[in-house]
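Biologist: I have this one open in front of me and would like to go through it piece by piece. Could you walk me through it while I ask things as they come up?

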There are 2 protein chains.
Amino acid sequence: MSRLNAVLRQIDDGLEAAMKRWFDLLRIPSISAVPAHAGDCRAAAAFMADLLNAIGVAAEVRETAGLPMVVGHVAGHDRSRRVLFYGHYDVQPVDPLDEWKTDPFAPALVTGDDGRARVYARGAADDKGQLLTFIEALAAHMAVHGRPPVDVVILLEGEEESGSPSLEPFLRANADELRADMALICDTNQWDADTPAITTRLRGLVHDEVTIKAAKADLHSGLFGGPAHNPLHIISHIIADLWDDDGRVSLPGFYDGVPELPEALRTQWAALDMTDEKVMAQMGMQPPPAGERGYSALELNWARPTAEINGIGGGYQGPGAKTVIPAEAFFKISFRLVGKQDPLKVRAAFRDHVRARLPSGVTASFADDDGGASAAIEVDENAPLVRLAARALTDEWGKEPVMMGCGASIPVVASFRDILGMDSLLMGFGLADDAIHSPNEKYDVACFHKGMRSWARLLDALT
Amino acid sequence: MSRLNAVLRQIDDGLEAAMKRWFDLLRIPSISAVPAHAGDCRAAAAFMADLLNAIGVAAEVRETAGLPMVVGHVAGHDRSRRVLFYGHYDVQPVDPLDEWKTDPFAPALVTGDDGRARVYARGAADDKGQLLTFIEALAAHMAVHGRPPVDVVILLEGEEESGSPSLEPFLRANADELRADMALICDTNQWDADTPAITTRLRGLVHDEVTIKAAKADLHSGLFGGPAHNPLHIISHIIADLWDDDGRVSLPGFYDGVPELPEALRTQWAALDMTDEKVMAQMGMQPPPAGERGYSALELNWARPTAEINGIGGGYQGPGAKTVIPAEAFFKISFRLVGKQDPLKVRAAFRDHVRARLPSGVTASFADDDGGASAAIEVDENAPLVRLAARALTDEWGKEPVMMGCGASIPVVASFRDILGMDSLLMGFGLADDAIHSPNEKYDVACFHKGMRSWARLLDALT
């Protein structure tokens with residue numbers, strides 16, 4: 001039996017025991033956003049440190065200004081290579097509780113009408129089930145062969161669901177200890193139940209808030225309407241002018257650094273059969289998609305930048321009519337960025353756009369600059385470790401992984417890049433219907449099992 | 001001494017006593033919008049009925065579904081002509097109370113640094129002080145000559161500040177009793193402290209509310225942004241498209257029935273020295289005015305129609321950023337109308353404008369149609385009774401009255417026209433700084449005194 005086959009057999013034979021450990025972790029209500037659960041979060045950290053030590057990883061709970069990190073180290077057979085695995089032991093709040101069919105912290109194993117077994121619990125997928133796929137694969141390697149193939153560092157965070165305030169200070173304070181050849185993150189999805197995926201593109205994000213002030217006080221729309229400047233009209237013009245007739249963002253220089261999609265990726269994505277109809281139907285909408293003409297809905301979400309209004313408020317908000325011209329009004333905007341778009345340049349261009357549309361005497365004020373601004377992440381689909389991971393997934397699943405984009409940001413990836421100079425491999429086994437952040441979160445047992453086997457193959461392939 | 005001079009002398013000699021009656025009325029907190037003050041409103045109605053009976057007008061308090069009307073009748077020397085005087089005995093709420101320098105229901109006589117005496121109280125002007133200028137003029141005529149020159153009907157309402165729900169039913173139920181050659185209303189302003197005015201133009205009003213729905217639920221702007229339709233973007237385009245580059249409302253047919261201003265009136269208004277600078281400064285703004293190019297700020301407010309957004313709401317309204325694409329958003333709009341613009345045609349054109357801008361699958365719903373829709377009012381500046389009033393004002397003030405427009409609506413004028421077939425003469429003695437509807441409302445004693453004398457002259461001129 002090959003070195004790898006023994007590990008895979010260890011995983012198959014140990015599935016029941018691994019699920020027991022998974023269930024024990026799920027029973028701890030480690031909701032980081034709720035201060036009353038701080039003790040539970042610490043219990044989850046202790047649980048993970050104990051588990052790591054039990055399998056032979058030297059792990060400890062490390063304090064921060066907030067909830068603690070769990071850090072573990074184990075030397076591999078090959079000391080020349082080192083990977084860092086990142087996951088988080090905290091979970092989302094459970095509201096609205098009355099929409100849960102089972103107790104969110106009493107994991108329930110349910111076999112669906114389709115014959116697939118699923119575990120229902122808060123954190124079943126995000127991220128307790130996902131992070132255990134790696135830890136269990138590592139445990140299997142160590143159980144069979146004494147050590148993992150390469151050096152492994154484990155970093156588990158307890159504040160991912162509440163903004164990660166302690167993460168960057170901890171990375172800075174422990175950079176040498178944590179730096180590795182690459183980070184491995186298990187917090188993303190497969191393409192579908194039968195098809196693995198590696199996420200190689202994450203959009204960046206910059207946001208802003210604008211308050212427009214015109215009159216010195218709210219005005220009666222009859223006594224003053226006509227000559228009076230109305231901030232709601234001005235805001236509407238500012239927003240409508242953000243796009244040209246082809247749906248492209250009109251800010252000067254906005255597309256600087258936006259790459260065209262590589263033809264190979266465009267072809268692969270087109271072959272996914274994720275038609276505009278399907279993407280729009282997921283949102284309760286119909287094609288054609290909003291946004292830039294000439295791109296599919298999938299391309300618009302995975303590979304194109306956006307300007308998005310997240311809120312407008314001003315004037316009368318109650319029932320019925322009120323003849324008011326408000327003195328001021330506001331809107332909130334965010335830009336999703338790709339490629340090498342510079343978030344600060346985008347924000348500056350947006351502010352110029354606003355100022356250029358103010359009538360004489362009307363003022364605009366902006367949110368403080370310290371709001372987050374992160375550039376996009378792109379991992380080269382042809383990087384050696386990405387190719388190794390693709391091979392491991394192909395071996396396990398019998399088909400090539402989809403190289404996916406993700407419209408959202410995963411801030412830890414930018415933190416690893418900026419602070420530790422380290423790229424990330426985003427390989428996860430969630431499914432679109434896992435209901436993370438919602439009631440009745442679940443993780444398929446097949447995802448858990450094949451996730452472990454996939455990581456075991458990748459670890460084996462590293463030497 | 002002429003018939004009129006005796007009346008004017010009666011008014012001058014009785015000023016102190018008239019002010020005492022005014023103060024007594026002001027002490028009654030007849031706030032119609034506040035149910036706890038219903039008893040006070042009824043007390044004010046009884047006060048007015050008693051006052052009318054005391055001067056010889058046969059008056060009574062008449063019940064409605066809401067607060068009562070006061071109706072009085074007195075026959076004139078000349079029975080061939082009849083006028084109806086309308087006023088309202090209710091007042092606005094007093095919030096914010098802590099901004100009042102004196103108790104709003106303890107009238108305070110204060111002489112300003114400019115030597116002018118003013119009475120501070122809620123309702124000092126609107127409408128208790130104003131309506132008493134007519135009642136006291138009538139009383140003086142009757143005291144001197146036994147009867148007024150012509151038949152007079154008095155109609156005092158108690159719900160003007162809370163939407164007049166009982167007015168139109170009362171007019172319909174008592175049409176024959178109330179119909180007159182013309183209504184006299186004292187609820188508008190002079191041009192300035194030295195210059196009288198007759199208001200001959202009131203803009204009409206139609207409003208609507210639109211809710212745009214796109215997604216089936218709020219969406220994450222990263223995971224879905226790009227192809228997703230954002231109701232806030234759609235609303236911004238709908239609103240921005242409401243005007244062309246010259247600031248004209250772009251709805252097809254919107255300007256049907258909008259007359260150009262008569263050259264004589266344009267010349268008179270231009271001579272008022274109410275420059276764009278002054279109009280904009282009143283609002284805390286700078287020229288050029290918003291709205292249609294080619295009109296002065298005064299013309300835009302008095303004689304041109306508008307589309308005005310009164311409120312927009314949707315998406316995240318709290319502090320900081322939230323990466324949401326809201327499932328729906330709304331806005332409220334009102335149109336001010338002039339000339340023969342048809343409010344229902346304007347609303348229909350607006351709804352077509354909205355529907356034409358909805359992406360496939362996105363829906364718009366509108367407020368119920370029963371919201372108010374009133375056409376503009378224009379009184380012919382050359383109508384005989386208007387000319388009589390202008391002569392009376394000229395005699396009293398030593399200068400011609402300004403024929404003013406008013407950007408707002410006064411719904412009772414439309415009700416009189418539509419239900420009783422009766423035009424209204426809007427002759428009032430308020431000043432722009434009276435702070436009606438605001439803390440520290442006041443009415444100048446000179447306005448009260450010369451207002452009485454002006455009405456006495458008009459009554460005298462009716463025969």
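Biologist: In what sense do strand 8 and strand 18 of chain A pair, and over how many bridges?
Modeller: Strand 8 (residues 197-202) of chain A and strand 18 of chain A are paired in the antiparallel sense, over two bridges. Two strands count as paired if DSSP finds at least two bridges between them, and helices (H or I, at least four residues) and strands (E, at least two) are DSSP runs numbered from the N terminus. Please keep in mind that this is a predicted model, in which local features need pLDDT of at least 70, side-chain atom pairs count only at pLDDT 80 or more, and totals for chains, interfaces and linings use all residues. Residues are numbered from 1 along each chain as its sequence is written, while chains are lettered from A and ligands numbered from 1 in the order in which they are written.

Biologist: And which residue of strand 18 is the bridge partner of A:Thr199?
Modeller: That is A:Leu426. Strand 18 of chain A is also joined to strand 7 (residues 182-185) of chain A, by three bridges and in parallel, and there A:Ala183 has A:Ser424 as its bridge partner.

Biologist: Are the faces of strand 18 in chain A covered or open?
Modeller: Both faces of strand 18 (residues 424-427) of chain A are covered, with A:Ser424 and A:Leu426 buried on one side and A:Leu425 and A:Met427 buried on the other. A residue is buried if 20 or more other C-beta atoms lie within 10 Å of its own, exposed if 12 or fewer, and partly exposed in between, with C-beta atoms placed from the backbone.

Biologist: What follows strand 18, in the loop between strand 18 and strand 19 of chain A?
Modeller: A:His437 is found in that loop, and A:His437 has a positive phi of about 70 degrees although it is not a glycine. A:His437 is partly exposed, because 13 other C-beta atoms lie within 10 Å.

Biologist: Which strands make up the open sheet with strand 19 of chain A, and in what order?
Modeller: The order is 4-5-19 in chain A, an open sheet of three strands with antiparallel pairing. Strand 4 (108-111) and strand 19 (442-444) of chain A are at the edges with a single partner strand each, so one side of each has no neighbour in the sheet. On average, neighbouring strands of this sheet are turned by 30 degrees against each other, direction ignored. Four bridges join strand 4 of chain A to strand 5 (residues 117-120) of chain A, and A:Val110 stands opposite A:Arg118 in strand 5.

Biologist: Which helix packs on that sheet?
Modeller: Helix 15 (residues 445-461) of chain A does, touching strand 5 and strand 19 of chain A, and its direction makes about 60 degrees with that of strand 19. Axes here are lines fitted to C-alpha atoms, for helices over the stretch in contact, and angles run from 0 to 180 degrees between N-to-C directions; two residues are in contact if their C-beta atoms, placed from the backbone, lie within 7 Å.

Biologist: Changing topic, where are the cis peptide bonds?
Modeller: One joins A:Asp95 and A:Pro96, with omega about -5 degrees, and A:Pro96 sits in the loop between strand 3 (78-88) and strand 4 of chain A. Another runs from A:Pro287 to A:Pro288, with omega near 0 degrees, and A:Pro288 lies in the loop between helix 10 (276-282) and helix 11 (297-303) of chain A.

Biologist: Now the two chains: what turn lays chain B on chain A?
Modeller: A turn of 180 degrees with a shift of 0.4 Å along the axis does so, at an RMSD of 0.4 Å, and the two copies are thus related as by a two-fold rotation axis. The superposition is by least squares on the C-alpha atoms of residues with pLDDT of at least 70 in both copies. B:Ser236 comes closest to the axis of the residues of chain B, at 2.1 Å (C-alpha).

Biologist: How many residues does each chain bring to the contact?
Modeller: The contact takes 62 residues from chain B and 62 residues from chain A. On the chain B side, strand 11 of chain B gives the most, with nine residues. Strand 11 (residues 306-315) of chain A pairs with strand 11 of chain B in the antiparallel sense over five bridges, where A:Ile312 has B:Gly314 as its bridge partner.
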